[in-house]
Amino acid sequence: MSTNSQSDIEEENVSSTLRAPEIYLSGMSHHTSPIDTRERFSMTEDRIQLLLEELSSLDGILEVVVASTCNRVEVIWSALQGDFKTSVIEEKISKVAGVCHSEFSRVGYHLSGEVAVKHLYRVASGLDSMIVGENQILGQLKTAYSTAHEQGFTSHLLNRVFSRSFNVAKEVRTQTRIGERSLSVCSVARDLAEQIMGDLSSSTVLLLGAGDTGRLALKHFKAAGVRDLLVGNRSEVKGRKVAKEFGSTYFTLAQTEQYLSSADVIIGSSTRQTNQDFFLKASQMASSLEKRKGKPQLCIDLGVPRNFDPKISDIENSFLYNIDHLQEVVSHNLGARREEMQIAEKIVDSAVSKFQIWRQGQFLEPLISDALESFDSLRKVEIARTLKRFRSENYSAAQLREIEQGFEVLSKTLVTKAFYRPIESLKNDAESKHSVFETFKNFFTG
Amino acid sequence: MNLAFHITALTAVLFYVGATALYLRSLWKRVSLSPRRFLAIGAVGHALFIGLSFYSGENYSSFSYFTSSLSLGIVAAYLFFSRSNRPNSRFDSLGAFVSPLALFFFSISSVVFHFSDDSKSSWLDDPLLVFHVASTLIGIAVFSIAAIFSLALIFQETLLKNRSLHTLTRKFPPISSLEFYRERFIIVGFLVLLVGVSTGFYLTSGKQSLIELGDPLLLASCFALMIYAFVILAGKLKGLRGRRAAILSFCGYLLMIFSLVGANFIENFHVYK
């Protein structure tokens, strides 16, 4: 081996020990790609498993996590700095998804370092979601991470960044009201019912009109714990079908008055001709409330033209909301969420800075441990040398053992104490980015 | 003793004011300090203040003691209630009504905190009189909590009826919970106060001059009790509830406060003046 090539190898070794692993993120989301593209790249559990195996087998890739949801496909991995292989990653993702490589290049993005960490924190907090503040993504990220972690595809860097991202998401959720407000008409209707009735598990919901909107509303109420559901529809076949789907009771529209007083929430989503009477009149509502001895009733009118008589809202203990009222609440909630976003972004920024400080500390760890090892071996050599001198004199074995122990304690204490301040100073200076002179000065002055 | 007396009074006032500010702020913004803790510390200071003033050897008017104890009773009843309903943090928002009300009664007790010629021991020696005072105090404290629930219900109902769905509607408990507790507190308050009023009548049965028909205190108290009786009966029999029941309950409470505070500012109307 020539001298030149030897020095090249040495140089390479030195630079690789100084290079620390970096975090990278490649993917596509609803911001960059339409739904049909996302559909093609969407991954089942089997495909995620395959992609994890394919990527982890690549040279240079140290850790990898694959997250696939309906709004994004993202691969988060760590590799030594400089080994950035975006094209290989793109190829692998495309290959596993069974889609042309160029398509990913068109809609995909690649982030690294601080930007990648920030993106991950924003995703976990729901700030990058289509519905800002939704928390479903956090559960999906946790699943993605645990799938990779359980199989040993992650190590200290991704473990740290993921665990921090879950903490950041929690912080955002507890310190802001970003996820508190509903952003769909049906969930606003459910919130309203909870505002009036409290716990909905003992409430009864009556639906007039078993169309798609009505079914969606029932789904929301069923998810909120409502057990008693009543479905009234013009077409008996369709009505019975929906009633069966939700385990509820079917009735004909002519029987509405009979069931009216037992309902706490009445939802109207039927189609009414403009010249036709309202499906629910104020007089019917008044008599229903009388039968209920004033127990409040909430009427949600999702129909256009309106299903319920607007005069219902004048009756005491009845609350009437039509589609415009609910839409207004949705818009208001959306605006409020945007305001909360600003606070959430500050939380994310601060968490990213803290993570970067931790990262810089990580760069120093191998250097510090190498230095300590080197001083320890020096210490051992010097002790051995000194003991040799003592052995040449007439000391007993017990005396020599005592001397050796004394030297061990003394030298270890000296090394620990002498290096405590420089190590602390190095760590602190890495965070504050001091000059070499300042760092050196701090070794001895603190 | 004098210094401790002032320190405890000042602690109670400052923490009640702090709790009021924090509760009100928490209706709009997230607060890092716990208003409930402020209220609890204020209550401890308040209890010490009452204890110290009682054992200071000075004779303060029994009305001052009564209003001051009522203020503490309201806070204690609320703290106990909100603690037992801890999972539902929406009840915490009612503290925004409780702490100002407690401050109000505490201020009244301080304004009229004058020395009295009555011997403290004279009324303490009569167990029936002590029972009368205690049950009346507890009854009014429970009615105060019921009034807070009524007020919150009117507030929440107005917001929901007018479709003003902003942060406040989310902060207050649901209408059904407010209705449930309003009703329960009124029944409990009514029964306890009825015991208090009955013992009062029994105690004054030999002193006819004290229960003259024109006594505003007596009239107002009777009217208030009648309103409460109507609200309870109409609620059970005719389903009177919601806004109307809450307004009536609150009117009953205002009348009761008049009988307690207003009538006592008029000379020679009641025995505890």
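In this predicted model, six strands of chain A line up as an open sheet in the order β7-β6-β5-β8-β9-β10, with parallel pairing. The two edge strands are β7 (249-251) and β10 of chain A, and each of them pairs on one side only. On average, with direction ignored, neighbouring strands of this sheet are turned by 15° against each other. A helix also joins the picture: α10 (residues 212-223) of chain A packs on the sheet, where it touches β5 (204-208), β6 and β8 (265-268) of chain A. The direction of α10 makes about 175° with that of β5(A).

One end of this sheet can be followed residue by residue. Strand β6 (residues 228-232) of chain A pairs with β7(A) in the parallel sense, and three bridges hold the count for this pair. Looking across from V231(A), the bridge partner found in β7(A) is Y250(A).

Chain A has a second sheet to explore. Four strands form this open sheet in the order β2-β3-β1-β4 (chain A), and here the pairing is antiparallel. At its edges stand β2 and β4 of chain A, each with a single partner strand, so one side of each is left without a neighbour in the sheet. Neighbouring strands of this antiparallel sheet are turned by 15° against each other on average, direction ignored.

Strand β1 (residues 21-29) of chain A is a good place to pause. How many of its nine residues are buried? The count is nine of nine, and the strand is described as mostly covered. Both faces of β1(A) take part in this. On one side, P21(A), I23(A), L25(A), G27(A) and S29(A) are all buried, and on the other side so are E22(A), Y24(A), S26(A) and M28(A).

The partners of β1(A) within the sheet are β3(A) and β4(A), as the strand order shows. With β3(A), β1(A) runs antiparallel, and nine bridges join the two. Two of the residues in β1(A) illustrate this pairing: the bridge partner of E22(A) in β3(A) is A79(A), and that of M28(A) is V73(A). On the β4 side, β1(A) pairs with strand β4 (residues 109-112) of chain A, again in the antiparallel sense, over four bridges. There, G27(A) has Y109(A) of β4(A) as its bridge partner.

Helices accompany this sheet as well. Helix α3(A) lies across β2 and β3 of chain A and runs at about 160° to β2(A). Helix α6 (residues 113-124) of chain A packs on the sheet too, touching β1, β3 and β4 of chain A, with a direction that makes about 50° with that of β1(A).

Helix α3 (residues 45-56) of chain A deserves its own paragraph. At 1.5 Å a residue, its twelve residues should span 16 Å, and the end C-alpha atoms are indeed 16 Å apart, which agrees. Which residues of α3(A) are buried? They are I48(A), L51(A), L52(A) and L55(A). These residues cover an arc of only 105° around the axis, which puts them on the same side of α3(A). The buried residues of α3(A) pack against β2 (61-68), β3 (72-80), α4 (86-97) and α7 (136-150) of chain A.

Stepping back to the whole of chain A, its secondary structure comes to 16 helices and ten strands. Chain A has 446 residues, of which 35% are buried. Among its contacts between residues at least 6 apart in sequence, 70% join residues at least 24 apart.

Chain B is built from helices, with ten of them and zero strands. Read along the sequence, the pattern of chain B is α-α-α-α-α-α-α-α-α-α. Of the 273 residues in chain B, buried residues make up 41%. Among contacts in chain B between residues at least 6 apart in sequence, 81% join residues at least 24 apart.

Finally, the two chains meet. In this meeting, 15 residues of chain A are in contact with 16 residues of chain B. On the chain A side, the elements that give two or more residues are α9 (185-197), β10 (318-322) and α14 (323-392). Which element of chain A gives the largest share? That element is α9(A), with four residues. Sorted by class, the side of chain A that touches chain B has six nonpolar, six polar and three charged residues. Strand β10(A) therefore links two parts of this account, as an edge strand of the parallel sheet and as one of the elements on the side that touches chain B.

Key
Residues numbered from 1 in each chain as written. Chains lettered and ligands numbered in written order. Predicted model: local features only at pLDDT ≥ 70, side-chain atom pairs only at ≥ 80, totals over all residues. Contact = placed C-beta atoms within 7 Å. Nonpolar A, V, L, I, M, F, W, Y, C, P; charged D, E, K, R; others polar. Pairing = 2+ DSSP bridges. Axes fitted to C-alpha atoms, helices over the stretch in contact; angles between N-to-C directions. Buried ≥ 20, exposed ≤ 12 C-beta atoms within 10 Å, placed from the backbone. Expected span 1.5 Å × (residues − 1). Arc of directions from axis to C-beta.
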